[in-house]
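Here are a few exercises to work through with the model open in your viewer. Try each task before you read its solution.

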Amino acid sequence: MIHFDPRVLAPAAVAILFSGAVQSAEEEDASDTSDRYGSVSGSLLLSSNYMFRGISNSNDRPQVRGDLNWSHDVGLYAGIWASNTDFGGPGNSMELDPYIGFAGDVGETPFSYDIGFWSYNYPGSESDLDYQESYLVLTYKVDKFSAKPSFWYADNYFGKDFLNGVSSFAYDLTLSYEFPLNITLSGVVGRQTFGSSADELDYTYYSLALSRTCGDFSFELSWHDTNGIDPFLADPELADGKVVVGVTRNF
């Protein structure tokens, strides 16, 4: 039987409560409240696997994930992301990630940007595996097509008790196209690299996904795989080709 830490559901529950409060506020005076204080949104995902750059972080078991986000029209945003995990060392079953960033359009061009900071935390782990990444995501969107390169840098990948002092740099490209009936086809190819003392751990990851949005719900069927994964970094079976299904409820 699969057990999930009940704390994982907390962000999702809070998202539901906040969404109700925000909806009531919007009914009274939506534009003034949003302009002055920003807005709160959230999501809850149920998935057959937790995939991160081609590797299962839930030991090929289901994922329950919640996200609570505050954003302002000026471009500033912050939030908390949480999921069950089997990748945080002995004693841990939860990943809790606060993040903050700034996003906006580049003038009247089809380009936009998103720059921020993401902190990965494993509160129940007996080891120190917490680490942080800075990121930059660029988007080029014309009509129904978009291209999105992203770049992620960590100065101490996966904490002091894994690759202490080893930096990492991940970069990937996502291409997507929106078809009629709210159907989107997307593909990702990326490379996870490490500092010179651990460059033998570098590997390539890629995925292909078909999704459809229906109101506040989105459904996704995806495939994930890697090339060149090292057993020291992850069990190769966790990085083999996998089919994943998931449903997201947005608030």
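**Exercise 1.** How many bridges join strand S12 to strand S13, and do the two run parallel or antiparallel?

*Solution.* A reminder before we start: this is a predicted model. Begin by finding the two strands: S12 covers residues 203-214 and S13 covers residues 217-227. Next, follow the pairing between them: eleven bridges join the two, and they run antiparallel. For one matched position, go to Ser211, which stands opposite Glu220 in S13. Finally, look at the turn: the hairpin of S12 and S13 has two residues between the strands, and Gly215 there takes a positive phi near 65°.

**Exercise 2.** Follow S13 to its pairing with S14, then place both strands in the barrel.

*Solution.* Strand S14 spans residues 242-250 and pairs with S13 in the antiparallel sense over eight bridges. A handy marker here is Leu221, whose bridge partner in S14 is Val245. Now step back to the whole barrel: twelve strands close it in the order S1-S4-S5-S6-S7-S8-S9-S10-S11-S12-S13-S14, with antiparallel pairing. From one strand to the next, the twist averages 20°. As a refresher, strands of a sheet pair through backbone hydrogen bonds.

**Exercise 3.** Over how many bridges do S7 and S8 pair?

*Solution.* Locate S7 at residues 111-120 and S8 at residues 131-142. Their antiparallel pairing runs over ten bridges. To check your register, find Tyr113, which stands opposite Leu138 in S8.

**Exercise 4.** Is Tyr140 buried, partly exposed or exposed?

*Solution.* First place the residue: Tyr140 lies in strand S8. Its relative accessible area is 31%. Buried would need under 20% and exposed over 50%, so Tyr140 is partly exposed. Next, list its contacts: leaving out residues up to four places away in sequence, Tyr140 touches Pro110, Phe111, Phe145, Ser146 and Ala147. Last, compare sequence with space: Tyr140 and Leu175 are 35 residues apart in sequence, and their C-alpha atoms are 9.7 Å apart.

**Exercise 5.** Describe the second largest pocket by its volume and its lining.

*Solution.* Start with the volume, which is about 270 Å³. Then turn to the 23 residues that line this pocket: the closest to its centre are Asn57, Phe87, Phe158, Phe162 and Leu233. Sorting the lining by type gives 14 nonpolar, five polar and four charged residues.

Conventions:
Residues numbered from 1 in each chain as written. Predicted model: local features only at pLDDT ≥ 70, side-chain atom pairs only at ≥ 80, totals over all residues. Heavy atoms only, no water. 1 Å grid on protein atoms, 1.4 Å probe; cavity = no way out; pocket = protein on both sides within 12 Å on 5 of 7 lines; lining within 4 Å. Points joined across faces, edges and corners; volume = space filled by probe spheres on them. Nonpolar A, V, L, I, M, F, W, Y, C, P; charged D, E, K, R; others polar. Pairing = 2+ DSSP bridges. Helix = DSSP H or I, 4+ residues; strand = E, 2+ residues; numbered from the N terminus. Axes fitted to C-alpha atoms, helices over the stretch in contact; angles between N-to-C directions. Buried < 20%, exposed > 50% of the residue type's maximum accessible area, 1.4 Å probe, protein only. Contact = heavy atoms within 4.5 Å.
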